[in-house]
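These are my notebook entries on one protein chain, set down in the order in which I looked things up. The sequence and the structure come first.

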Amino acid sequence: MIHTDRISTPGPTPGVDLWWSGKHSHHGGNIQVLSTPDGWPLWTSEVRPGREHDVTCLRAHQDLLDSIREWTGEHDRHALADLGYEGEAEVFILPIKKTNGVKLTDDQKMHNWLQAYARARAEQANSLLKTTFKALRRVSLSPDRIGDIVAGALVLLQQEHQRTA
């Protein structure tokens, strides 16, 4: 989520702002980031409205989803994701969701801990982009431009470190 101070774009539901994220309680754009296991950003999506759920944003990039399916299926590899992607459980390894009234077993808790530990390095890709480029902490342009700014930051980061993978 890239915060923005540009607001008031009517969404598809009356009275709901397109760029308002209820999860983050702030206006902004949702950017999907694909990273290596060691936390290096490889790809960033176009911006999607802040009100959209992560899996909805991912599905807007069908080519990416198909590529992940192909890459993980062919080589018996696994992509890790958080519960925001539970609609794509056949593509990603997800944490085990705790349901009301049912406690997780010790094995399930360990699965979640190991998965979170492994994902933490990959989450560094988001942090690396935001901490390296102050412009990504808050965008004062039209939210539609956030994707272009993030893509430019990714290219600059890769050029600076001479690393794309």
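**Entry 1. The nonpolar cores.**
I began with the largest nonpolar core, which has 14 residues. I noted that Ile2, Ile31, Leu129, Leu136, Ile146 and Val150 touch the most other members. I then asked which element gives this core its largest share. That element is helix 4, residues 146-161, with five residues. Apart from this core I found another, of 10 residues, including Leu64, Ala79, Phe92 and Leu94. I record here that the model is a predicted one.

**Entry 2. Isoleucine 31.**
I next listed the contacts of isoleucine 31, leaving aside its neighbours within four places in sequence. Among its partners are Ile2, Ile146 and Val150, and these three, like Ile31, are named with the core residues that touch the most other members. Isoleucine 31 is also in contact with Gly147 and with the run Thr44, Ser45, Glu46 and Val47.

**Entry 3. Serine 45.**
From that run I took up serine 45, which I located in the loop between strand 5 (41-44) and strand 6 (48-49). Is serine 45 buried or exposed? I read a relative accessible area of 1%, so serine 45 is buried, the cut-off for that class being under 20%. I then looked for what its side chain reaches, and found the backbone nitrogen of glutamine 32 at 2.9 Å. Leaving aside neighbours within four places in sequence, I list Asn30, Ile31, Gln32, His61 and Gly147 as the contacts of serine 45.

**Entry 4. Glutamine 32.**
I followed that contact to glutamine 32, which is in the loop between strand 3 (26-30) and strand 4 (33-35). Glutamine 32 has 5% relative accessibility and therefore counts as buried. Which side chain does the side chain of glutamine 32 meet in a polar contact? I found tyrosine 85, at 2.3 Å. Not counting residues up to four places away in sequence, glutamine 32 touches Trp43, Thr44, Ser45, Asp54, Cys57, Leu58 and Tyr85.

**Entry 5. Helix 3 against helix 4.**
I returned to helix 4 and examined how helix 3, residues 106-132, packs on it. I noted an angle of about 95° and axes 10 Å apart. Angles of 65 to 115 degrees count as roughly perpendicular, so helix 3 is roughly perpendicular to helix 4. I then asked which residues meet where these helices pack. Helix 3 brings Leu128, Leu129 and Thr132, and helix 4 brings Ala153, Leu154 and Leu157. I sorted the residues of this contact into five nonpolar, one polar and no charged. Leu129 also appears among the residues of the largest core that touch the most other members.

**Entry 6. Aspartate 148 and glutamine 162.**
I looked up two further residues in this part of the chain. Aspartate 148 is in helix 4, and its relative accessible area of 36% makes it partly exposed. I compared its position with that of tryptophan 43: the two are 105 residues apart in sequence and 12 Å apart in space, C-alpha to C-alpha. Glutamine 162 is in the segment after helix 4, and I recorded it as exposed because its relative accessibility is 76%. Its phi is near 50°, a positive value in a residue other than glycine. Most residues other than glycine have a negative phi.

**Entry 7. Leucine 80.**
I found leucine 80 in strand 7, residues 79-80. With a relative accessible area of 35%, leucine 80 is partly exposed. Not counting residues up to four places away in sequence, leucine 80 touches Phe92, Ile93, Gln115, Ala118 and Arg119. Of these, Phe92 is a member of the 10-residue core of my opening entry. Leucine 80 and serine 45 are 35 residues apart in sequence and 17 Å apart in space, C-alpha to C-alpha.

**Entry 8. Glycine 39 and histidine 27.**
I placed glycine 39 in the loop between strand 4 and strand 5. At 5% relative accessibility, I entered glycine 39 as buried. What does glycine 39 touch, residues up to four places away in sequence not counted? I listed Arg121, Ala122, Gln124, Ala125 and Leu128. From the C-alpha atom of glycine 39 to that of threonine 56, 17 residues apart along the chain, the separation is 23 Å. Lastly I checked histidine 27, in strand 3, which counts as buried at 12% relative accessibility. Its C-alpha atom and that of glycine 50, 23 residues apart along the chain, are separated by 6.5 Å.

Conventions: Residues numbered from 1 in each chain as written. Predicted model: local features only at pLDDT ≥ 70, side-chain atom pairs only at ≥ 80, totals over all residues. Heavy atoms only, no water. Core = buried A, V, L, I, M, F, W, Y, C linked by side-chain atoms within 4.5 Å. Buried < 20%, exposed > 50% of the residue type's maximum accessible area, 1.4 Å probe, protein only. Helix = DSSP H or I, 4+ residues; strand = E, 2+ residues; numbered from the N terminus. Contact = heavy atoms within 4.5 Å. Polar contact = N/O pair within 3.5 Å; in protein donor to acceptor, adjacent residues only side chain to side chain. Axes fitted to C-alpha atoms, helices over the stretch in contact; angles between N-to-C directions. Parallel < 35°, antiparallel > 145°, perpendicular 65-115°, else oblique. Nonpolar A, V, L, I, M, F, W, Y, C, P; charged D, E, K, R; others polar.
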